[in-house]
Amino acid sequence: MTNAIEVENLVKRFGSFIAVNHLTFSVGKGEIFGLLGANGAGKTTTIRMLCGLLSPTSGKISVAGYDAYTQPEQIRASIGYMSQKFSLYSDLTVWENIRFFGGIYGLWGKELRIRALELVEEFKMHDFKDTKVESLPVGWRQRISLAVSLVHKPPIIFLDEPTSGVDPVGRRMFWETIHQISSMGTTVLVTTHYMDEAEYCHTVLVMVDGRIEAQGAPAQLKSTHGVESMNDLFLLLSRNGKLNIE
Amino acid sequence: MPAIQVTNISKSYGKVKALTDVSLSVEEGEMFGLIGPDGAGKSTLIRIITTLLVPDSGNVTVFGLDTVSQYKLIRGEIGYMPAVFSLYSDLTVEENLNFFAGVFGTTVKENYELVKGVYHMLEPFRNRPAGKLSGGMKQKLALSCALIHRPRVLILDEPTTGVDAVSRKELWDLLHSIKKQGITVFVSTAYMDEAKQCDRVALIQKGRILGTNTPEGFAEMFPYKLFSIQANNAWSSLDAIRHLSTCETAYMFGDSIHFATNYNEESPESLHDRLMSVGVEANVAQIQASIEDYFIYQLSEKNLVK
């Protein structure tokens, strides 16, 4: 397996509406890949197909070496998922949450205990491992969500607007953690509305009206389009598409 | 007389202190931003200002009217756009707008000029139920409904959360044109980069105001020398950079690292050499702090980061 994710000519139609229009891209192992686009550009539809939650109209998808049409179960076992909506149990402690979600992924006994301790170590959660999640600041909760989404050691994680509403320090701590897990080989696919965070990705793909409008390393895209920031690039590319909608 | 005067407000929900001794003042005609992360207390403060919640202590006036004893009078003066969509989903676009005009004893015709800039984008959908609109359209309708009675102050709770960069820009353009018509605008957001859209900004964290100033004023209050470091392996170098003897804080900002130091003699050259000594090859430049740098400084200084 060379790439973590391979997508070829991916199409999704809802009736006459083409939500995803011939996407082709690949994500290398350990890469941080940012999927950007305006609301309604087709990001969520794409992610749902990659996770095996929605079947494509046509095209090829391979995730962690598994085929999305025939092996959706294997895909789901190979990915971690974390969304902007806080999805831990707030009245359970950090430790209880890790053990609960570990159990769901089929870990138990000594193996689960060892993995939970590893995560506490890796994410430096010693001080509040026995604290109920509800009494922790938002930034920390998001990091714990990330830790929990890694409990079954997935080779790939999907992060859907993971830092929405998090303070500027919390956001940066979160991204430092993302770079840390990426350097250890985990592949990260992330969506965000913070364009300064788009700069933190190795590669970004900008979607407009279901199509790929640009794809590449942030520095390269900025110089190709002669803009100073990813925000300017996004406004430039998305405005071209927006005219067709309204 | 200020448009909004908040004096020593505190508010708790059970054991949780949502606001502690909050004071601020918004001048008539200004664009005022309340900036802070989720859970900082932004919505609680907005609900108190909009007379929907009573503070435990302190007081708030809107155009000199007290939010507790004169709440009925205030409600006619403010337009409020809450964080969650709260129009009638089963009424059409046009019915919603007529309804809100009617509630405030006016008509759409009377104030059409004011909402025209926003509402004209909705006209093609005027017979569509509000619940069937896209996110961006819902928001434009909510804004029209909040403006239709020609309020003196427009209060918006996180209008740009979960909204893409294009729609965010559109919304800010609309807010600027509303301000131009003489309406005071009070807006909360979690995006630091939106500070530059405001005349003045209050930073809020954990229920406390960390300061109120112009965006440039905050930047000038930044107490350290600040450098931008551009290096190829920035992320993996962060740890080494933070261990440099002159480092106060080092954080990623877009494609570079912002390095703050209170060592007065530090120059781009000396920092460059210092970085070389730990194996980091980089371009270094001294830069002006932004409001985000100041916020990070305050969070670190007051130990509000956990």
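**Exercise 1. Describe the overall make-up of chain A in this predicted model, and decide how its extent compares with that of a globular protein.**

Step 1. In this predicted model, the secondary structure of chain A comes to 9 helices and 10 strands.

Step 2. The radius of gyration of chain A is 18 Å, which is close to the 18 Å that the globule rule gives for 246 residues, and chain A is therefore as compact as a globular protein of that length.

Step 3. Taken along the principal axes, the box filled by the C-alpha atoms of chain A is roughly 55 × 40 × 30 Å.

Step 4. Of the 246 residues in chain A, 46% are buried, where a buried residue is one with 20 or more other C-beta atoms within 10 Å of its own.

Step 5. Among the contacts in chain A with a separation of 6 or more, 67% are made by residues 24 or more positions apart.

**Exercise 2. Work out the strand order of the six-stranded open sheet in chain A, and then place helices H1 and H5 relative to its strands.**

Step 1. The 6 strands of this open sheet in chain A follow the order E6-E7-E8-E3-E9-E10, and their pairing is mixed.

Step 2. Strand E6 (79–83) and strand E10 (211–216) of chain A are the edge strands, since each of them pairs on one side only.

Step 3. From one strand to the next, the twist averages 15°.

Step 4. Within chain A, strand E7 (residues 156–160) pairs with strand E8 (residues 187–191) in the parallel sense over 5 bridges, and A:Leu159 has A:Val190 in E8(A) as its bridge partner.

Step 5. Helix H1 (residues 43–50) of chain A packs on the sheet, where it touches E3 (32–37), E7, E8 and E9 (203–208) of chain A, and its direction makes about 140° with that of E3(A).

Step 6. Helix H5 (residues 138–149) of chain A lies across E6 and E7 of chain A, and runs at about 160° to E6(A).

**Exercise 3. Explain why strand E13 of chain B is described as largely enclosed, and identify its pairing strands.**

Step 1. Because 5 of the 6 residues of strand E13 (residues 256–261) of chain B are buried, E13(B) is largely enclosed by the rest of the structure.

Step 2. Strand E11 (residues 225–231) of chain B pairs with E13(B) in the antiparallel sense over 5 bridges, and strand E12 (residues 249–253) of chain B likewise pairs with E13(B) in the antiparallel sense over 5 bridges.

Step 3. In E13(B), B:Ile257 is the bridge partner of B:Ile229 and also of B:Met252.

Step 4. The hairpin of E12(B) and E13(B) has 2 residues between the strands, and in this hairpin B:Gly254 takes a positive phi near 55°.

Methods
Residues are numbered from 1 along each chain as its sequence is written. Chains are lettered from A and ligands numbered from 1 in the order in which they are written. This is a predicted model: local features need pLDDT of at least 70, side-chain atom pairs count only at pLDDT 80 or more; totals for chains, interfaces and linings use all residues. Two strands pair if DSSP finds at least two bridges between them. Helices (H or I, at least four residues) and strands (E, at least two) are DSSP runs, numbered from the N terminus. Axes are lines fitted to C-alpha atoms, for helices over the stretch in contact, and angles run from 0 to 180 degrees between N-to-C directions. Two residues are in contact if their C-beta atoms, placed from the backbone, lie within 7 Å. A residue is buried if 20 or more other C-beta atoms lie within 10 Å of its own, exposed if 12 or fewer, and partly exposed in between; C-beta atoms are placed from the backbone. The radius of gyration is taken over C-alpha atoms; the globule rule is 2.2 Å times the number of residues to the power 0.38.
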